[in-house]
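Please open the model in your viewer and keep the sequence panel at hand. The tour below moves from one selection to the next and says what is to be found at each stop.

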Amino acid sequence: MKAAERQLRIQELLAGQEFVDIETLCRLLQASESTVRRDLTELEKGGVLRRVHGGALSLQSRDDLLDFNRQSVQRREEKQLIGKAAAGLVEDEQTLILDGGSTVAEVARNLMGRRLQIVTNSLPIAEIFSESRTVELTLTGGYLYPRLRILLGPFCERMLASVSADVLIMGIGGITESGLSNNNSLIVHSECQMINVSRKVIIVADHTKFGRKALVHLAPLEAANVIVTDAGIAPEFEELIRIRGIELVIAS
């Protein structure tokens with residue numbers, strides 16, 4: 001593969017995720033580490049990315065990754081299918097934690113009319129249930145991240161530490177063999193607390209999240225009890241999830 005082709009492929013990868021590591025690039029490009037590092041240097045000069053320890057950080061996709069409205073229109077059909085399938089795993093009268101993010105918001109829309117207790121740090125999800133007569137809704141409080149419209153920080157984490165949930169439904173920035181990751185350290189801190197207080201963890205993620213390693217590591221893959229995705233998931237990731245003993249639900 002010529003340098004121009006490799007660099008185009010790197011740009012394509014970073015168009016859909018914030019961070020990509022050197023090891024992944026070497027494997028996907030079938031190139032040596034020194035060759036990949038030269039490519040990253042050239043792309044950094046062009047303002048496409050910033051080299052960081054262990055890989056590269058996109059300078060072009062961050063707005064999309066950290067903006068709820070932009071996320072909501074991306075892969076909408078897949079997210080709607082995932083939302084319906086994940087909602088079908090929820091039982092009436094359960095206590096749920098619903099993480100922020102556009103895919104979890106699709107789950108929320110499919111839970112309308114159900115008798116549930118819901119805790120969330122997401123303003124869009126709170127708005128979905130704002131007039132519900134069957135859902136008891138609790139907002140976490142905390143610092144408002146305006147573009148993602150989620151509540152984060154110490155106040156949010158302390159509130160989460162005080163609850164106990166039957167099920168956590170959570171979106172994610174990346175899923176690899178090494179685990180779950182996301183695009184912001186504040187988000188990860190809150191999500192760690194959500195995992196800690198939940199008896200069952202359901203990850204909702206479209207197929208493009210597999211093979212990505214987002215900026216901040218969140219948890220090992222086994223932290224998830226169930227992963228709900230769409231039919232575009234690659235066979236190697238489908239096999240990986242089943243080998244790890246995690247239930248895989250493919251929405252269709």
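Begin by selecting strand β4 together with strand β5 (residues 116-120): four bridges join these two strands, which run parallel. Two strands are said to pair here if DSSP finds at least two bridges between them, while helices (H or I, at least four residues) and strands (E, at least two) are DSSP runs, numbered from the N terminus. This is a predicted model, in which local features need pLDDT of at least 70 and side-chain atom pairs count only at pLDDT 80 or more, whereas totals for chains, interfaces and linings use all residues. Residues are numbered from 1 along each chain as its sequence is written, and side-chain values use heavy atoms, with hydrogens and water left out.

**The first strand and its neighbours**

Within the pair just selected, pick out Thr 95, which stands opposite Gln 117 in β5. From β4 the chain crosses through α7 to β5, and this β-α-β crossover is right-handed, a term that applies if, with the strands pointing away from the viewer, the path from the first strand over the helix to the second runs clockwise. On the connecting helix, α7 (residues 102-109), seven of the eight residues are buried, where buried means under 20% relative accessible area, exposed over 50% and partly exposed in between (1.4 Å probe, protein chains only). The buried residues of α7 are Ser 102, Thr 103, Val 104, Ala 105, Glu 106, Val 107 and Ala 108.

Return to β4 (residues 95-98) and look at its two faces, both of which are covered: Thr 95 and Ile 97 on one side, and Leu 96 and Leu 98 on the other, are all buried. Now add strand β9 (residues 167-170), which pairs with β4 in the parallel sense over three bridges; here Ile 169 of β9 is the bridge partner of Leu 98.

**The seven-stranded sheet**

Extend the selection to the whole open sheet, whose seven strands follow the order β6-β5-β4-β9-β12-β14-β15 with parallel pairing. At its edges stand β6 (135-139) and β15 (247-251), each with a single partner strand, so one side of each is left without a neighbour in the sheet. Neighbouring strands of this sheet are turned against each other by 20° on average, direction ignored; axes are lines fitted to C-alpha atoms, for helices over the stretch in contact, and angles run from 0 to 180 degrees between N-to-C directions.

Towards the β15 edge, select strand β14 (residues 226-230), which is joined to β15 by five bridges in a parallel arrangement, with Val 249 of β15 as the bridge partner of Val 228. Helix α6 (residues 76-87) lies across β12, β14 and β15 and runs at about 145° to β14. Helix α10 also packs on the sheet, where it touches β4, β9 and β12, and its direction makes about 150° with that of β9; contact means heavy atoms within 4.5 Å.

**Two helices side by side**

Keep α10 (residues 185-196) selected and add helix α9 (residues 154-161), since the two pack at an angle of about 5° with their axes 9 Å apart. They are therefore roughly parallel to each other, on a scale where angles under 35 degrees count as roughly parallel, over 145 as roughly antiparallel, 65 to 115 as roughly perpendicular and the rest as oblique. Cys 156, Glu 157, Leu 160 and Ala 161 of α9 make the contact with His 189, Ser 190, Gln 193 and Met 194 of α10.

**The three-stranded sheet**

Move next to the open sheet of three strands, which has the order β1-β3-β2 and antiparallel pairing. Its edges are β1 (19-21) and β2 (49-52), each with a single partner strand, so one side of each is left without a neighbour in the sheet. The twist averages 25° from one strand to the next. Between β2 and strand β3 (residues 55-58) there are four bridges in the antiparallel sense, and Arg 51 stands opposite Ala 56 in β3. Helix α2 packs on this sheet, touching β1 and β3, and its direction makes about 70° with that of β1.

Finish on α2 (residues 22-29) itself by selecting Arg 27, which lies in this helix and which, at 54% relative accessibility, counts as exposed.
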